[in-house]
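Here is a short tour for anyone about to set this chain up on a computer. Have the structure open while you read.

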Amino acid sequence: TMLATQLEPASARRLFPGWDEPAFRATFELNVVVGSEQTAVSNMPVASEIPSGKDKKEVGFRRSVSMPTYLVALFAGELERLEDRFEGVALGIYTVKGKSGRARFAMQATREVLRWVHEYFGIPYALPKLDQVALPGGIGGAMENWGAIAYNEARLLVDPRGAPLRHRQGVYAIVAHEIAHQWFGNLVTMAWWDDLWLNEGFAQWLQTRVAERLHPEWGMRLREQHWRETAMGEDARRTAHPIQAKVASASRAMDVFDAITYAKGAAFVGMLEAYLGEERFRQGVRRYLEAHRFSNATTADLWHHLSQASGRDVAAFAAAWTGRPGFPLVRVAQRCEGGRAVLTLAQERFALNDPLAAPLWWKVPVTFADAAGARRTVLLEDAPLTVPAGRCGAILVNAGGTGYFRVQYDERTFAHLARGLGGLPPLERFRFLADAFALVQAGRLDAARYLALLEELAGETDATVWEQVIGALRFLRDLLEAPQAQAAFDRRAARILRPALERIGWDAAPGESAEAPPLWRALIEALGRAGDAEVVREARARFAARVSRPLDGAIRPAILNVVGRHADEATFASLVEEMRDATDTELRYQYTSALRHVSDPALARRWMQRLLAADELPPGEAAYNLQRIGADSGLAREAWTFVKANLPAILAKASPRGRAFLLPEAAAPFADEAAAEELLALARAKLDPGALYQAEKTAEWIRLKAAVRAREAEHIARWAQAGSG
């Protein structure tokens, strides 16, 4: 039994009376009575501990520094602590008993990140201690409580016997994110929730920046591109909001905890740093933190200090990026004059399924690389810009991927780049493919043109690039309705993916690239979803031999998902039993994911019914799994029907925050207007008004898929049939 608080954005008022808004700072002095065998943790160090009746004690904490209510934290339970120190600051990681050994990697990351962030900001950490608490449930990610950061233990703990590199990278990133908040968010707090991006955008940017500087071999900037793609997908639709969004009340604050605030915010910070120069940007950030420490600030305050440090009008540059929704499409036209390229750049607003989107323009720093690789940066404004661009040929725009915009090339330049796709660096390959797929979604490029690019990937070895391709293939496959067309698509997709898996195999070889395990995982799961007989057979064989030959942790999630998708009665029973026996949170999540993938309708219904039981999973986890089953299993209609029929019981299991996502997640696999309307009607009838924004966003996602289906389904089906064999 464990107690943990999560007060952001406005739950402190449920715990104690106070002005529960970020601009109202106060000092806090907590005294709590807990069991004598329990440990209590809060923002500040323990000041006193005295007996209080039978089997109890009263723990008093030192008075805190001035801070907003949402950062107050209290944890209590039977815990153990891993200890360390950094420049006079006491470091601690609390876990449930028996798991502190798994906190060593996070402690190492904490020391590295603290040193780098301290040097970057030039301001020491403000409290005498920094604790981090690993919770076995009740929270999905992490919360930056000052001096007492909370994490889901699956996001913080690392098995020292050999956790996959991707898991360690994820732990490093989330630790860096939460530590960055100790300055951006805690030391200086946004004045109101419409400036949340000052917390989250900067923390997201910093987590990648720290990892890139201290562990460049991880390629974290490339991995971060996936979440940027999520942000760009949301930012191009009707339901987009500005980075600096208007939040009418605290009850609507959760609307802006999304990819636009985090990932677009981070992308803009990176773009702004490149525009101003690293050193002038850092000087401005330092001035901002010094001027507003232990206080509150707005976006305008940040622009002021960056302008002072750089000598540029930052507000004029940034206003369109942070104050408006959306982003630009940069159109590229190349002409050759005597063997020398002349490039014409023009911009317009990029929109998905929104013909009435207001025309907008931005100040866009555009970096391009000419055919010889030489780079140049120009500032594109409302008027088209014509610039010399070196030798004619494959000219790459948004070289380095710093810019937050899409690129549409003229036919000739697109063809040059497509032919040389394999020779581009991984980040450039990712951006070219991601932009091309977004153009398909926008109706600016035929789906067959994107699919033809995949033939250029025979030698592709980067997991992040393959993950983009796999996601696009899944999107396009889901637009097909006829079983015969779906089967043909699966066969052709498998023909594209299988050679990559055959080349690397299923087991690590001496000197194997660190990218191999995530690449195995992505390919195995995608081929299993496509029903590739060889992959399904191998996954089943490894699962059957798991007692004598434990599953490799790097690919275990993929093997379990493939086994779950093709499970029979006996396999289903084994998955349920092992899920129940799992004492490791991450392992439990992997087994519940496998059970979400079960595609046998009778077994899937049985699992959904069991999730309604009081003790199968913790309530919030049960609700999450129920809302995800349709997407993961391919049984969207069956899962949606079950959720609707049992909605009151499922909503009762969900947390207040989770209820807003329940219906949208369950409806997200659909691709027809009727489903979008049904989702909105049900959300309006069953949910609080503050939960409607998620439903509106998902309805737009469904409508987008319906529009792409109407335009591209025939092209996709022809492509599938032509090469499925």
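## Contacts along the chain

In this predicted model, residues 24 or more positions apart supply 69% of the contacts with a separation of 6 or more.

## Overall build

Counting secondary structure, you will find 26 helices and 22 strands in the chain. The radius of gyration is 26 Å, close to the 27 Å that the globule rule gives for 725 residues, so the chain is as compact as a globular protein of that length.

If you want a feel for the dimensions, the C-alpha atoms fill a box of roughly 85 × 70 × 60 Å along the principal axes.

## Burial, surface and charge

Of the 725 residues in the chain, 58% are buried. The accessible surface amounts to about 28,400 Å², and carbon and sulfur atoms hold 51% of that area.

How many positive and negative side chains does the chain have? There are 89 positive and 88 negative ones, and the centres of these two sets lie 1 Å apart.

## A look at serine 249

Now for a single residue. Serine 249 sits in the loop that runs between α5 (220–235) and α6 (259–276). Is this serine 249 buried, partly exposed or exposed? Its relative accessibility is 27%, and because buried means under 20% and exposed over 50%, serine 249 counts as partly exposed.

For a long-range reference, take proline 426, which is 177 residues from serine 249 along the chain. The C-alpha atoms of these two residues are separated by 43 Å.

Terms used: Residues numbered from 1 in each chain as written. Predicted model: local features only at pLDDT ≥ 70, side-chain atom pairs only at ≥ 80, totals over all residues. Heavy atoms only, no water. Helix = DSSP H or I, 4+ residues; strand = E, 2+ residues; numbered from the N terminus. Buried < 20%, exposed > 50% of the residue type's maximum accessible area, 1.4 Å probe, protein only. Rg over C-alpha atoms; globule rule 2.2 N^0.38 Å. Contact = heavy atoms within 4.5 Å. Areas by Shrake-Rupley, 256 points an atom, 1.4 Å probe, with all protein chains shown as cover. Lys, Arg positive; Asp, Glu negative; His and termini not counted. Charge placed at Lys NZ, Arg CZ, Asp CG, Glu CD.
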